[in-house]
Structure formats: structure tokens, C-alpha cells
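Please load the model in your viewer and keep the selection panel at hand. We will go from one chain to its partners and finish at a single residue.

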There are 4 protein chains.
Amino acid sequence: MDSMNAVICKDEFAKLVGIEILEHGPGRAKVKMAVTPRHCNGLGMVHGGAMFTLADYAFAAACNSHGFASVAINASINYLRAPKGAVLYAEAEEVAVDGKLGSCLVRVLDEDGGLVATFQGLSYRKGPVSAKQG
Amino acid sequence: MDSMNAVICKDEFAKLVGIEILEHGPGRAKVKMAVTPRHCNGLGMVHGGAMFTLADYAFAAACNSHGFASVAINASINYLRAPKGAVLYAEAEEVAVDGKLGSCLVRVLDEDGGLVATFQGLSYRKGPVSAKQG
Amino acid sequence: MDSMNAVICKDEFAKLVGIEILEHGPGRAKVKMAVTPRHCNGLGMVHGGAMFTLADYAFAAACNSHGFASVAINASINYLRAPKGAVLYAEAEEVAVDGKLGSCLVRVLDEDGGLVATFQGLSYRKGPVSAKQG
Amino acid sequence: MDSMNAVICKDEFAKLVGIEILEHGPGRAKVKMAVTPRHCNGLGMVHGGAMFTLADYAFAAACNSHGFASVAINASINYLRAPKGAVLYAEAEEVAVDGKLGSCLVRVLDEDGGLVATFQGLSYRKGPVSAKQG
């Protein structure tokens, strides 16, 4: 198991929320979440925290794909409309990585492929992923 | 049960994540999360999505405290340092509400009271909370 | 002169800052700023406000390209590194427009084509651009 | 002239935009801008870049008040409503500074004291302000 896989596969919070990884490669990732009543807020809509966590997991998979442990230092999410259908996807693409800082764009899509949220993440590269973390 | 309570108490995702509300009033709220291994990412740190969800729940409680259903349209979070201890708190304070848009600041604190993240949320007021939502 | 041109060409602040538009089309725009000592902050670096204004102008050109007057309601900018050379460019691409809300990604590049900042804007569509505004 | 004054007073872009500093102290600052036609966008409203620059200058003054040179790495601004009157103010308050990273909240107020925008800045502390910079 490579270092990226280790970081991604050992993510307990992603398991709790029910997120699975579909694809990943250098600077990119695609993840999926089947929407259930447990993902809803008090207004009966998918919780902003659930959509954020989905986007954040794709972000983490994309920016930890270079063999370095990166942490998020800022994330900004725009919620554009309520999702339709029973599945959400997030697709992350690193748009820049320069020295210590990296910027990543994530699109959150619903079952019909409609864009429901956009997410911009700023990552800070700490160092190589250690055996302990893996 | 008033409308704010309904919105807050019926939040299934907050239950899944293990967040409880400690205090709330007009334009403010304080919430708590006991940190467990389920809240961690693959690097063994508290997941950014868990901290975001904690802050987002405080934000929702604060901006839904006026009898109107408000939804988040943007949120930006700064992660300042890794938290210490076994509990996290989030304190939300609405800094402005003007017409349809509201802005809310949330501080995320660890067990020692140290500030670990700051969150700025932008909300959009949709209309009165209906009986159906309650 | 079409409505987009009117909105863009009458931008007095962009003139003050010294920004010119290079290209524009539906949902996209490219703008340019020649860096001078007037664009610097007290540390001798290009001012964050100047880089933001450059990105914001590209964002406005892109999201006002549909014949509707749109206003920014949130913008988040990541500063990745200090720019090199004497020119900055910003390239805006609308990644979603759904109903009233639109999301736009802007890349800020230096003279060598290096990415120095990324910008995510959230726009709100108000209505058709009127003759008065034009 | 102390180091903070040097950083603030030598800001050429703030001069171009017409911003003056009213007050500053450890972790806080208040600045002012008289609104003129030069600050407007093509829709005849105060330009988002001008409001951002005003907030950013207050942010820089607040986070450079400790004798260290700090740079912005992220800023997120919420535009709540169009300002009234002929003057804008920005009030910055550092809400956290821990190690290298600091978070700062800035409120943008119009002539009547109404809140028109909120700004959250993330700063990175580079090192002591040098004589060259002063």
C-alpha cells in the first residue's frame, strides 16, 4: 500500500460519514457518498458539513498524492443549490502546488451530474508521510 | 418546542458526528463534540470535516435563531493548529444580519480553551420555519 | 457596445489600478496589470488588494457576460507565492451558474506563467443590465 | 518610527486607493476611505476590490503590529449590502495568533455605521521586520 493509500484508507471520519474513494492519481481524486437520512440537517436537506466533508476528503486525497503529508489550512465552500438524487460525488483537482502551499479546486456533483457546490482548499506540505502514519 | 429548537434538534448529521448543543440565543450558539478515534483522518488528526461540521452546526443554530429558515451559501474555515485534549467547542456569533444575507463568526476551541480554527459563514434567509420543518 | 462591454468598460476603479481586459466571452475573461511601485505594500511586495482587484475584475467580466447584472457576494483568495516579473494576468472561468448563484474560479499568473494566487468568487444575479448601467 | 508604522506608512497601493489609518494597536487597526467616483465599478457601485483593499489594509496593520512581518495567505470577504454615504471604515481585530498562523476578522462599515462587508484573513508570520523594509 503506497503512502497516499495509507493516508486515505485510514480515514475513520470518512468511514463514519460513508464516503468511498472511486479514483485517485497525482493531484486529483474522485469520491462518492450515498445520501441517507443520517446526512440531513434539521431542515431535511443534506447537511453542509456532510457536503464539506465529502469535498474535503477528495481534497485530502488529491493533495496527499505526492508522498508528502499535507494539511489543510483554509477551505472555502460555495453552496449553489440543493442536490437531487441519492448520490453525491466530489472531484478534486490541484490547480497549483508551489513550495509548501498548494491550492485545490473541488466540484461537488449530484446524481444527475449537476454542480451543487464548489470548494477551494489551501494546503500546507509538512513532510514525507512516515511509516507511523501509514 | 420553538422553531429554532426544531431545526437544531432534528439535525441527524450532527447526531451522527456526536455534537451536542450547550447554549443558544438570538444570533449566538455554543456547541460541543467529544473527540474519539472516529473523528480522525488518515494522519491521526481530528478531521477537517469534523471540525467544520462542529462550526457549521453552531453557525446554523445562531442564524436560525430568529424564526426564519436560513441556509449557508458560503463558509470559509482557517485551521490554525492541531487541537489538544479530548473535547472541542464551537462558539458562533452573528456579526451582521441585513435583509436576506447574514454573516457569522465561529471560533473553534480545544479543551484548554485554545483557538484552533476560525470560521466565517454567509447565510441566506429563505422564509419562516414551517410546521413541516419543525 | 453590448451590455457586458458597458459594465466592464465603465469600471473606474479598474482604470485607477491600471487593469486592462485582454479577452472575454461567455463565462470567461482574461485581464492584465503592469506592476508598478504604486501596486506595492509596505513590505515592497505586490499588494494583496491589487492582486485581488485584478482577479475580481476578471470575475466580474466573466459573470456579467450573460446580459445580466451580477454582484459578488463572497470571494476567497489564496496567495501561493510572490510573483516574478513586471506583469500579472488573471484568467476567470465560471464553473457553475445555476439560477441566481454562480461560482467562478480565477487564476492569477505572473510574467513567467507561474500561478501566484487562486480566487473563488460567488456571484448573485440581480437582473438584466439596464440602459442606465450601460 | 516603529516597525509597524514603517510597514503601514510605506504602503503605496493604499495611498493610490486613498486609504488612511485612523487608529492602530497590538492586534487591531481602524482605517478610512472617502468614496469617490474612482472607487466605482461599471454598475456604479463601490468596487469589490476597493472594499477588499480597505479591509486588507486594516488586516495588514493589525497583524503587523507585533514587530514581525506577516503576509496574507488567504482572505475571504462577504459582501452583505451596498454601502450608504461617502465614507467607508474598516476595523480589524486579530482573533488568534498561534505560532506562525494568525486569523483576523475585519468589519467594513459605511458612514451610518452599517455593516456592509465582513472579511476573514489568514496570515503567516515570516520574521522580524528588517531595517530594509522599514
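Here is a tour in five stops.

This is a predicted model, in which local features need pLDDT of at least 70 and side-chain atom pairs count only at pLDDT 80 or more, while totals for chains, interfaces and linings use all residues. Residues are numbered from 1 along each chain as its sequence is written, and chains are lettered from A and ligands numbered from 1 in the order in which they are written.

**Stop 1: chain A alone**

Select chain A and show it as a cartoon. You should find 3 helices and 6 strands, where helices (H or I, at least four residues) and strands (E, at least two) are DSSP runs numbered from the N terminus. Walking from the N terminus, you meet the elements in the order α-α-β-β-α-β-β-β-β. Of the 134 residues in chain A, 55% are buried (20 or more other C-beta atoms within 10 Å of the residue's own, against 12 or fewer for exposed and partly exposed in between, with C-beta atoms placed from the backbone). Take contacts next, meaning pairs whose C-beta atoms, placed from the backbone, lie within 7 Å. Among those in chain A between residues at least 6 apart in sequence, 66% join residues at least 24 apart.

**Stop 2: chain A with chain B**

Now add chain B. This contact takes 36 residues from chain A and 36 residues from chain B. On the chain A side, the elements giving two or more residues are α1 (3-9), α2 (12-17), α3 (48-63) and β3. Which of them gives the most to this side? Colour β3(A), which contributes 9 residues. By class, the chain A side has 19 nonpolar, 12 polar and 5 charged residues; here Ala, Val, Leu, Ile, Met, Phe, Trp, Tyr, Cys and Pro count as nonpolar, Asp, Glu, Lys and Arg as charged, and the others, Gly among them, as polar.

**Stop 3: chain A with chain D**

Hide chain B and bring up chain D. Here 5 residues of chain A are in contact with 5 residues of chain D. Strand β3 (residues 68-79) of chain A gives the most to its side, with 3 residues. That side holds 3 nonpolar, 2 polar and no charged residues.

Next, superpose the two chains, by least squares on the C-alpha atoms of residues with pLDDT of at least 70 in both. Chain A can be laid on chain D with an RMSD of 0.0 Å by a turn of 180° and a shift of 0.0 Å along the axis. That is the relation of a two-fold axis. To find the axis, centre on A:Asn74, whose C-alpha comes closest to it among the residues of chain A, at 3.6 Å. The copies meet through the same surface, because 100% of the interface residues of chain A are also interface residues in chain D.

**Stop 4: a helix pair in chains C and D**

Select helix α3 (residues 48-63) in both chain C and chain D. These helices pack at an angle of about 160°, with their axes 9 Å apart; axes are lines fitted to C-alpha atoms, for helices over the stretch in contact, and angles run from 0 to 180 degrees between N-to-C directions. That makes α3(C) roughly antiparallel to α3(D) (an angle over 145 degrees). Show side chains for the contact residues, including C:Phe52 and C:Tyr57 of α3(C) and D:Phe52 and D:Tyr57 of α3(D). The contact divides into 4 nonpolar, 6 polar and 2 charged residues.

**Stop 5: A:Ala61**

Finally, return to chain A and pick A:Ala61 in helix α3. Is A:Ala61 buried or exposed? With 27 C-beta neighbours inside 10 Å, A:Ala61 counts as buried. Leaving aside neighbours within four places in sequence, its contacts are A:Ile8, A:Ile21, A:His24, A:Ala29, A:Val31 and A:Ala92. Draw a C-alpha to C-alpha distance from A:Ala61 to A:Ile21: the two are 40 residues apart in sequence and 8.6 Å apart in space.

Conventions. Two residues are in contact if their C-beta atoms, placed from the backbone, lie within 7 Å. Angles under 35 degrees count as roughly parallel, over 145 as roughly antiparallel, 65 to 115 as roughly perpendicular and the rest as oblique.
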